[in-house]
Amino acid sequence: MCSSDLFKDTHLQGYGGCRTVFGLYFKDELVLAMSIGVPSRAHTSKGKKVLEIKRMSSKLNTIVMGGVSKLFKRIKKYAVDNDFEIIKSYCDLRWGTGKVYETLGMTKTHETKWTPHYIKGLKRFRNQTLALKKEDKEKYPNMTEREIRKSQGYNRIYDCGHQIWEYLLRHNE
């Protein structure tokens, strides 16, 4: 199994784009992987060179004792070798507590409040993709975004917010 298949099969957000993936194998089988890349939203880097942990997942029904620490150690080396200043990751509070990042020595910088999403049938849409646009305002001048989307068959739901975690790199690591 390759990393994209592992993430598709085991990560709630699927594969996602990344720069590279580090993995641990047992008997030639990928059992744990962490993908990294640059942040999707450049403004979140605030002028720093940031490397983001994009995905972290293990084979179903598999625990790799110490595996996340081993992969994070390798990611820190990669980050230092490539002149990154910060490693960053996000914890979706619907599914996690952030404990793994604390264990890795990362610092929680802040939490976000809930974010609205839309659902239609069995598909979920990020709120940004259905945000009110100029053409919506022209076509529906007296309706809110929520009212417009409701008339189009969407229902609004809310997540639980996110934690933002950072690890400041010391280039002597």
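Visitor: Where is D28 found?

Guide: D28 sits in the loop between β1 and β2. Helices and strands here are DSSP runs (H or I over at least four residues for a helix, E over at least two for a strand), numbered from the N terminus. Before we go on: this is a predicted model, where local features need pLDDT of at least 70, side-chain atom pairs count only at pLDDT 80 or more, and totals for chains, interfaces and linings use all residues. Residues are numbered from 1 along each chain as its sequence is written, and side-chain values use heavy atoms, with hydrogens and water left out.

Visitor: Why does D28 count as exposed?

Guide: The cut-offs are set on relative accessible area: under 20% is buried, over 50% is exposed, and anything in between is partly exposed (1.4 Å probe, protein chains only). D28 comes out at 77%, so it goes in the exposed class. Its backbone is worth a look too: phi of D28 is near 65°, a positive value in a residue other than glycine. In the hairpin of β1 and β2, with two residues between the strands, K27 takes a positive phi as well, near 50°.

Visitor: What makes D83 exposed?

Guide: Its relative accessible area is 53%, so D83 is exposed. You'll find D83 in the loop between α2 (67-81) and β4 (86-92). D83 isn't a glycine, yet its phi is positive, about 60°.

Visitor: How do you know that β1 pairs with β2, and how many bridges join them?

Guide: Two strands count as paired if DSSP finds at least two bridges between them. Strand β1 (residues 20-26) has seven bridges to β2, and the two run antiparallel, so the pair passes that test. To see one of them, look at F22, whose bridge partner in β2 is M34. On to β3 (residues 50-58): β2 pairs with it over six bridges, again in the antiparallel sense, with I36 partnered by I53 in β3.

Visitor: Why is strand β2 called mostly covered?

Guide: Eight of the nine residues in β2 (residues 29-37) are buried. There's also a helix to consider: α2 lies across β1, β2, β3, β4 and β9, at about 35° to β2. That angle is taken between lines fitted to C-alpha atoms, for helices over the stretch in contact, on a scale of 0 to 180 degrees between N-to-C directions.

Visitor: Which strands stand at the edges of the six-stranded sheet, and why is one side of each left without a neighbour?

Guide: The order is β1-β2-β3-β4-β9-β5, in an open sheet with mixed pairing. β1 and β5 (107-111) each have a single partner strand, so they stand at the edges with one side lacking a neighbour in the sheet. The twist from one strand to the next averages 25°. At the β5 end, the partner is β9 (residues 162-168), paired antiparallel over four bridges; H110 stands opposite I164 there.

Visitor: What about the three-stranded sheet: in what order do its strands come?

Guide: β7-β6-β8, an open sheet with antiparallel pairing. Here β7 (123-126) and β8 (155-158) are the edges, because each has a single partner strand. Neighbouring strands are turned by 40° against each other on average, direction ignored. Four bridges join β6 (residues 116-120) to β7, and I119 has R124 as its partner in β7.

Visitor: Why is S89 called buried?

Guide: With a relative accessible area of 1%, S89 is buried. S89 belongs to strand β4.

Visitor: What makes the pair S89 and Y101 a polar contact?

Guide: A polar contact is a pair of N or O atoms within 3.5 Å; within protein, one must be able to donate a hydrogen and the other to accept it, and residues adjacent in sequence count only if both atoms are side-chain atoms. The side chains of S89 and Y101 meet at 2.8 Å, so the distance fits the limit. A polar atom of the S89 side chain also lies 3.4 Å from the backbone oxygen of I53.

Visitor: How do you know there are zero disulfides?

Guide: A disulfide needs two cysteine sulfur atoms within 2.5 Å, and the structure holds zero such pairs. As for individual cysteines, C91 is buried at 6% relative accessible area, whereas C160 is partly exposed at 48%.

Notes:
Contact means heavy atoms within 4.5 Å.
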